[in-house]
Amino acid sequence: MAREQDVRLVCFAHAGAGISAFHRWGDLLGPGVTPEPQLLPGRDGRRREPRVTTREALLDDLRELFKEQPPGPYVLYGHSLGGLIAYTLTRALHEAGLPLPALLVTGAVPPPDAFAGAAFAADAPDDELMRVLEGFDGVPPGVAPDVWHRFVFPVLRDDLRLAAALRAAALDPATGGPVPVPLLAVAGEEDPVGPPDVLRGWSDWTTAGFESRTVPGGHFFVRDGELPRLLGQACRTVGRSGR
């Protein structure tokens, strides 16, 4: 019987965020799975670095991450914007002939060919953008408006520009299309942005098998415990398969 391998879970967060949503995942994922949250430039410890808003700039920033990969299987998970990042990275790795993830998981994000209104709100006036965010509980309670406008909106707007660019690139035959990697789409049962029926559209974006799962919660179910437990089980399945 083959020994179960440890699995790296490389994670990308939603727009406007750092990596705080993944802080408890080391405990919640369970044994044999190591979370590796990836902090994009322009926030937290990388706040002085220019933010990325194009596919090319994103891949340049991530290049070192996969230039020399540690041995063993890995899984990509991306939440909302992070799902588009994980897909884009998988597609780029395939184009470059580099080792692919054993599993690609997208959460809370419609596939590139489905409508996603928030992704195109980057240049909306502040009050309009705020209404869009309030529509899916994107505004945390207790945050002072001046802090939100000064520090959060600039990052969020650039992240929405990145999301729009990644969607466009995915629809371009030169840079998009299905990936040869199994794909799991996870939806929140109360998420108005990426409801379960819409996320099942990710089945058209893989040639290697598709599954969908629904977990409790709205758009930000990444902050709850059900998602990491689900991903931990998926990663251990990968580890047992020896991929």
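Reader: How should one judge where strand β3 lies in this predicted model, and how many of its residues are buried?

Author: One compares the relative accessible area of each residue with a cut-off, since buried means under 20%. In this predicted model, six of the six residues of strand β3, residues 74-79, are buried, so the strand is largely enclosed by the rest of the structure.

Reader: Which residues of β3 lie on one side and which on the other?

Author: Tyr74, Leu76 and Gly78 are on one side, while Val75, Tyr77 and His79 are on the other. The residues of both sets are buried, and both faces of β3 are thus covered.

Reader: In what sense do β1 and β3 pair, and over how many bridges?

Author: Strand pairing is read from the bridges between two strands. Strand β1, residues 7-12, pairs with β3 in the parallel sense, over five bridges. For orientation, Cys11 stands opposite Tyr77 of β3.

Reader: Which residue in β4 is the bridge partner of Val75?

Author: The partner of Val75 is Leu103. Strand β4, residues 103-107, runs parallel to β3, and five bridges join the two.

Reader: What unit do β3, helix α3 and β4 make?

Author: Here one follows the chain from strand to helix to strand. β3, helix α3 (residues 81-96) and β4 form a β-α-β unit, and it is right-handed.

Reader: Where is Ser80, and is it buried or exposed?

Author: Ser80 is placed in the loop between β3 and α3. With a relative accessible area of 14%, Ser80 is buried, because the cut-off for that class is under 20%.

Reader: What is to be noted about the phi of Ser80?

Author: Most residues other than glycine have a negative phi. Ser80, although not a glycine, has a positive phi of about 60°. Asp44 is also to be noted, with a positive phi of about 50° although it is not a glycine.

Reader: Where is Asp44 found, and how does its accessibility count?

Author: Asp44 is found in the loop between β2 (33-37) and α2 (55-67). Its relative accessibility is 45%, and it therefore counts as partly exposed.

Reader: Which residues of the largest nonpolar core touch the most other members?

Author: A core is read through the contacts among its members. This one has 42 residues, of which Phe12, Leu58, Leu76, Ile85, Leu89, Leu104 and Trp202 touch the most other members. Two or more residues come from each of β1, α2, β3, α3, α4 (126-134), α5 (145-171) and β5. Helix α3 gives the most to this core, with eight residues.

Reader: How many cavities of 30 Å³ or more are found, and what lines the largest?

Author: A search of the whole structure finds two such cavities. The largest holds about 80 Å³ of space. Its lining residues include Phe12, His14, Gln38, Arg43, Leu81, Ile85 and Asp159. By class, the lining has seven nonpolar, three polar and two charged residues.

Reader: Which residues line the second largest cavity, and which element gives the largest share?

Author: Ala185, Ala187, Pro196, Leu199, Arg200, Ser212, Arg213 and Thr214 line the second largest cavity. The elements giving two or more residues to this lining are β5 (183-188), α6 (196-199) and β6 (210-215). The largest share, three residues, comes from β6. This cavity holds about 30 Å³ of space, and its lining has four nonpolar, two polar and two charged residues.

Notes: Residues numbered from 1 in each chain as written. Predicted model: local features only at pLDDT ≥ 70, side-chain atom pairs only at ≥ 80, totals over all residues. Heavy atoms only, no water. Buried < 20%, exposed > 50% of the residue type's maximum accessible area, 1.4 Å probe, protein only. Helix = DSSP H or I, 4+ residues; strand = E, 2+ residues; numbered from the N terminus. Pairing = 2+ DSSP bridges. Right-handed = clockwise from strand over helix to strand, strands pointing away. 1 Å grid on protein atoms, 1.4 Å probe; cavity = no way out; pocket = protein on both sides within 12 Å on 5 of 7 lines; lining within 4 Å. Points joined across faces, edges and corners; volume = space filled by probe spheres on them. Nonpolar A, V, L, I, M, F, W, Y, C, P; charged D, E, K, R; others polar. Core = buried A, V, L, I, M, F, W, Y, C linked by side-chain atoms within 4.5 Å.
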